[in-house]
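Let's take a walk through this structure together. Have a look at it first, and then we'll go through it piece by piece.

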Amino acid sequence: MKREKIKEELKLEETKDGFLVFKSSEFYHVMERIKKDFPYLSFITAVHFPQEKAFDVIYAFRNIDEPEIIFLKTKIKEEEKLPSAYKFYKGADWMEREIYDLFGIEFENHPDLRRIVLPEDWEGHPLRKDYPINKAPEKYDYRKKPVLRRED
Amino acid sequence: MEEKVKISEPEEEIILNMGPQHPSTHGVLRIILKLSGEKIVSAKPDIGYLHRGVEKLGETVTYVQFLPMLDRNDYLSATTNELGLVLAVEKLANIPVPERAQYIRVLFSELSRLASHLVWLGTFCLDLGGALGGGTSVFLFCFREREKILDIFEKMTGSRMHPHLMQYGGVRYDVYPGMDKDVKEILDLMEERINEYEEMLVNNPVFIDRTKGVGILPKEVAMEYGCSGPVLRGSGVKYDLRKAHPYSSYDKFDFEIPVGENGDVFDRFKVRMEEMRQSVRIVRQALEGLPEGPITSQMPVKVKVAVRTPPGEVYTAIESPRGELGYYICSDGKPNAYRLKIRAPSFSNLSVLPYLLKDHLVADIVAILGSLDPVFGDVDR
């Protein structure tokens, strides 16, 4: 199995649910190795832990020829930045924008890091656990900012 | 792409704002196009008009309450949406599922795949417009057939569009007496009609001109972007989660995975048409082999039993009509999820749009967008 091979080669630890944990400082090294055997990026997501002031960022990759899936996980602090996987997988573009939008994690070397599902002047990041959910939503006022800008 | 129309050199680039009120953007999509004459220099899709925060809702309500909300997520194939979450929670909490329930799940997943593909075919031909002999005729034909499938859903569960059929540990409703006759009637009709529609379209020179060689998606690009379902298979990758990682006793069914060759709009059309035939085959097998026994291993959902899961993480994916629909659950042992991520197939499939639109003509946008089959409830969540 290619997953076991990668686990041994990169000396990754495994959680009880089968997620391989890697350090965010080794990001490029790990991605380069994964790309060789798992060319399909399935999804990227994050989980917020407010007590530890940290995020878990989760990556899932698939191998198409020999059906197999691999989950990777890395822990980062709230103010920490993570390198972008765009260099290896083009699909990371929108997935990382979604995480930036909903969690506020910034990705280095991302080609176009903007909000994706919320308006650009939205305050806060809704999927963080400390986001107030009983607050009345603010109205989006198109007159404050033009809808279409020429520099787009 | 080879230019079919001779276009004089334009003087400057212009920006065109397409959508969100454009009739062929399937509801709510805005594309900011940079044009040089009729040619697209770059395209920036703008999504989020239908964002309702489904993932945040999934964290605040219990698993039992969240299930009917998922019907509204991808509103064209409600049963497959429920099936994904139900499988994830069952895997995490180790809830057994009786075999009869698994067969009923397969049966209704495939029926909703048929219904969903019919909507796709109808709207796709509507987008391509009057060139197909009347414009709305294919659209109306498809919706006529779809209505017959939705009638089965209504007879079974009482609701056409949002059936809420699944339940943790099984299904909520058993098949009603005489259902196999109703379903077989539709399947016979469908087999005939699918051939009819395909014959009608592939022999139409205008249809071929607008779809062949347009929007070519190479294999490697499709994989990098995480495209799945008919979009990935249209590019020639033989990958279907029903075969690769069988769930809900799909390994007991006999069916083929259709693949395309060039990865253009026409191939994606062919793959979906063939998939409909295979769905008919699976439904037939499910009806014939429907085992006897209980339909659920849990108490009925009307008795308020909070489904709890042990702490842990799980990811399960199913093949929805649009591709890999996955649910990632991070649980801390409560009756609601700590974090619930929906891996939406339409989201990844749509993200390849800027790549596909480059260097095409404006008129090709609707053909390419229609061939990706995005459902915006699923894209924006």
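Two strands count as paired when DSSP finds at least two bridges between them. Helices and strands themselves are DSSP runs numbered from the N terminus, with at least four residues (H or I) for a helix and at least two (E) for a strand. Before we use those terms, a word on labels: residues are numbered from 1 along each chain as its sequence is written, while chains are lettered from A and ligands numbered from 1 in the order in which they are written. Keep in mind too that this is a predicted model, where local features need pLDDT of at least 70 and side-chain atom pairs count only at pLDDT 80 or more, while totals for chains, interfaces and linings use all residues.

Let's begin with chain B, which has 15 helices and 8 strands. Its C-alpha trace spans about 70 × 45 × 35 Å along the principal axes. The radius of gyration (taken over C-alpha atoms) is 21 Å, which agrees with the value near 21 Å for a compact globule of 381 residues; the rule behind that is 2.2 Å times the number of residues to the power 0.38. Of those 381 residues, 49% are buried, meaning that 20 or more other C-beta atoms lie within 10 Å of a residue's own; 12 or fewer makes a residue exposed, anything in between makes it partly exposed, and the C-beta atoms are placed from the backbone. Contacts are judged with C-beta atoms placed the same way, and two residues are in contact if these lie within 7 Å. Among contacts in chain B with a separation of 6 or more, 71% are between residues 24 or more positions apart.

Which residues touch the most other members of the largest nonpolar core? They are Val89(B) and Ile329(B), in a core of 135 residues. Such a core is a set of buried Ala, Val, Leu, Ile, Met, Phe, Trp, Tyr and Cys residues joined through C-beta atoms within 7 Å. Helix H4 of chain B (residues 99–128) gives this core its largest share, 16 residues. Once neighbours within four places in sequence are set aside, Val89(B) is in contact with Tyr63(B), Tyr168(B), Val307(B), Thr309(B) and Ile329(B).

H4(B) deserves a look of its own. It has 30 residues and reaches 43 Å from first C-alpha to last, close to the expected 44 Å; that expectation is 1.5 Å times one less than the number of residues. Since 25 of its 30 residues are buried, H4(B) is largely enclosed by the rest of the structure. Right after H4(B) comes Gly129(B), with a positive phi near 90 degrees.

Most residues other than glycine have a negative phi. Asn94(B), though, has a positive one, near 55 degrees. Asn94(B) sits in the loop between helix H3 (78–93) and H4 of chain B, and counts as exposed because it has 8 C-beta neighbours inside 10 Å. His164(B) also has a positive phi, of about 50 degrees. You'll find His164(B) in the loop between helix H5 (136–157) and strand E4 (166–167) of chain B, and its 19 C-beta neighbours inside 10 Å make it partly exposed.

Now for a pair of strands. E7 of chain B (residues 323–331) runs antiparallel to E8(B), and 5 bridges join them. Within E8(B), Arg339(B) is the bridge partner of Cys330(B). E8(B) covers residues 339–343, and 5 of its 5 residues are buried. In a regular strand the side chains alternate between the two faces of the sheet. Here Arg339(B), Lys341(B) and Arg343(B) point one way, while Leu340(B) and Ile342(B) point the other.

How do the two chains meet? The contact takes 34 residues from chain B and 27 residues from chain A. On the chain B side, the elements that each supply at least two residues include E7, E8 and helix H12 (345–350).

Chain A has 3 helices and 7 strands, in the order α-β-β-α-β-β-β-β-α-β along the sequence. Its C-alpha trace spans about 55 × 40 × 25 Å along the principal axes, and 33% of its 152 residues count as buried. One residue to find is Trp94(A), in helix H3 of chain A (residues 92–103). Trp94(A) is buried, with 23 other C-beta atoms within 10 Å. Leaving aside neighbours within four places in sequence, Trp94(A) is in contact with Ile116(A), Phe347(B) and Ser351(B).
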